[in-house]
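Student: I'm new to this structure and would like a close look at one single part of it. Could you pick a spot and walk me through it, starting from the whole chain?

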Amino acid sequence: MKSFLDDREKIAHLLRRFGFGATPEEIDSYLKLGVDGAIESLLNFENVDEGFPISPWEFCFEEGKDEVYLDPFRVVSWWGLRMVLTKRPLQEKLTLFWHDHFAVSATKVELGPSMLGYLEALRKNCAGKFETLLLAMAKDPAMMQWLDTISNEKGRPNENFGRELLELFTLGIGNYTEQDIKEASRAFTGWGIRYLLFEQGGEKVQEVAKDCIKTGRPMLSYCYSDDLHDQGTKTVLGQTKNWTGEQVVEMLAARPETARYLAKKLWSFFAYPDPAPAIVERLAKAYQDSGQNIKEVMRAMTKVPEFWSEKCVRQRVKSPIEYTVSIVRQLGVSQFLALLHGPSPSPMKAIAQPLREATGGVTGLAFQQGMLLLYPPDVDGWEWGSAWITTDSMTKRIQMADLLMLGGAPKQDFGLANAVTLRLKAHGSVATSQEIANSLATVFDAKLTAEQLTIMAQACDRAGGPVSLNSPESSAKMYASMFRLLFGCPEFQYC
């Protein structure tokens with residue numbers, strides 16, 4: 001199957017799927033490496049300086065106050081900022097994928113440090129050996145609270161985690177029995193959480209929290225009680241022995257059913273739903289041959305011709321967070337946000353208020369469209385694809401134009417409108433309304449028809465045309481009118 005894309009288009013497609021949208025600058029940078037080089041650079045993100053010095057704890061302090069605030073929403077804002085600023089797009093995209101796969105919600109896990117630990121465990125292990133990631137999730141305090149592992153004791157097994165372990169995390173429905181769930185659950189008895197944050201009493205919580213932040217110690221940790229563990233023999237998937245939880249994880253991660261289940265799910269997220277059996281088997285083989293290495297599965301994905309086909313390219317509906325983050329990245333405000341932060345302040349100091357508001361705006365805009373990070377609707381995670389497009393969500397996407405250009409946007413002396421103008425001039429002429437429309441399409445990686453570009457140019461004319469560029473106020477109004485059309489364009493909803 002011959003690709004219909006040239007190298008530049010391939011890299012743009014790769015950045016949309018392995019990241020959060022393609023900016024012209026990113027495409028130019030990766031194009032110098034060639035398609036294969038770009039793939040390797042994205043995959044080997046550990047070799048890339050992320051350039052993200054912002055601690056999540058900076059969001060937990062507020063100017064003029066001594067307390068440290070530990071609610072999960074602060075972690076949400078920090079992750080949204082990291083998506084906007086990251087130079088390791090695949091690492092964050094894989095973290096998002098695994099967040100959906102190992103769905104844990106702060107609706108039940110109400111402690112920010114617990115959700116932060118969960119998020120960091122996903123990020124650390126997102127491209128490595130699946131068994132390592134699976135075990136990290138099994139022992140993660142947020143997961144253990146979410147699925148009630150902490151209530152799983154000898155003689156009183158709780159099957160919540162065991163059920164999701166087999167159904168959602170590894171084998172998939174149809175590859176196990178109810179008895180397998182019961183037996184596997186017994187293997188995880190005795191697993192618990194040590195709440196170091198609260199062990200010195202309520203009056204010491206603030207002191208302990210601050211000390212943990214300073215020293216890098218965890219506020220919660222996995223613990224094991226041998227007295228509460230079921231030492232009896234257990235039969236899981238036809239194998240009988242005195243299974244431990246670690247052994248069950250090791251066995252499940254190595255199963256061929258798990259390889260196929262993950263292969264299909266990864267392809268469905270990064271390419272398109274319902275892949276042909278041959279594609280699933282190809283990725284499953286990469287999983288098994290590499291010793292469960294997720295990076296190798298992702299590399300194998302880029303070798304499948306269908307990944308570069310018309311069935312895949314610009315055919316996947318952007319989720320709210322992808323939609324919002326890609327727009328913010330393409331607007332080129334990353335450098336401005338980094339300047340707001342300044343050089344490596346202490347994690348014990350509150351982040352600059354304008355930066356807090358800007359990053360809260362990113363995740364808030366995604367939430368308005370129906371998606372709040374760290375708050376998936378249930379154990380199944382979110383429903384991806386066309387489910388993201390509703391009358392209400394489309395209204396919110398279009399309203400982003402006014403929010404960004406006319407209110408609620410991060411402001412510098414020249415305003416966001418001037419920043420947009422600078423970006424347009426960097427990627428084309430802006431002497432006519434048609435040229436402004438064409439340059440906007442380039443900046444936003446929007447593949448529009450000639451008719452759609454003409455309609456945008458007409459909107460530019462009605463708002464004053466190129467003369468509007470002479471002042472931030474008039475250009476902001478002009479851009480808002482053009483953005484409304486672009487953000488509501490059917491083609492712009494796809495990546």
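Tutor: Sure, let's start wide and then zoom in. This is a predicted model, and its chain has 23 helices and 4 strands. Along the principal axes, the C-alpha atoms fill a box of roughly 80 × 60 × 40 Å. For 495 residues, a compact globule would come out with a radius of gyration near 23 Å, and the chain has 24 Å, so the two agree. Of those 495 residues, 55% count as buried. Now look at contacts between residues at least 6 apart in sequence: 73% of them join residues at least 24 apart. As for the outside, the chain exposes about 20100 Å², with carbon and sulfur atoms supplying 52% of that area.

Now for the close look: go to arginine 17, which sits in helix H1, a helix that covers residues 7-17. Is arginine 17 paired with an opposite charge or left without a salt bridge? Arginine 17 is buried, yet it has no salt bridge. The nearest side chain of opposite charge belongs to glutamate 322, and that one is 7.4 Å away. A salt bridge would need a distance within 4 Å, so glutamate 322, at 7.4 Å, doesn't make one with arginine 17. What the side chain of arginine 17 does reach is a backbone oxygen, that of phenylalanine 270, at 3.1 Å.

Who else is around? Setting aside neighbours within four places in sequence, arginine 17 touches Lys93, Phe270, Ala271, Phe307 and Cys312, and then Val313, Arg314, Gln315, Arg316 and Cys495.

One of those contacts, Arg314, deserves a stop of its own. Arginine 314 lies in the loop between H15 and helix H16, the latter spanning residues 320-330. At 21% relative accessibility, arginine 314 counts as partly exposed, whereas arginine 17 is buried. The cut-off for buried is under 20%, so the 21% of arginine 314 puts it in the partly exposed group. The backbone has a twist to show here too: phi of arginine 314 is near 55°, a positive value in a residue other than glycine. Most residues other than glycine have a negative phi.

Glutamine 292 also has a positive phi, near 70°, and isn't a glycine either. You'll find glutamine 292 in the loop between helix H14 (277-289) and helix H15 (294-302). With a relative accessible area of 8%, glutamine 292 is buried.

Conventions: Residues are numbered from 1 along each chain as its sequence is written. Side-chain values use heavy atoms; hydrogens and water are left out. Helices (H or I, at least four residues) and strands (E, at least two) are DSSP runs, numbered from the N terminus. Buried means under 20% relative accessible area, exposed over 50%, partly exposed in between (1.4 Å probe, protein chains only). Lys and Arg count as positive and Asp and Glu as negative; His and the chain ends are not counted. A polar contact is a pair of N or O atoms within 3.5 Å; within protein, one must be able to donate a hydrogen and the other to accept it, and residues adjacent in sequence count only if both atoms are side-chain atoms. Contact means heavy atoms within 4.5 Å. The radius of gyration is taken over C-alpha atoms; the globule rule is 2.2 Å times the number of residues to the power 0.38. Accessible areas come from the Shrake-Rupley method with a 1.4 Å probe; for residues, only the protein chains shown count as cover.
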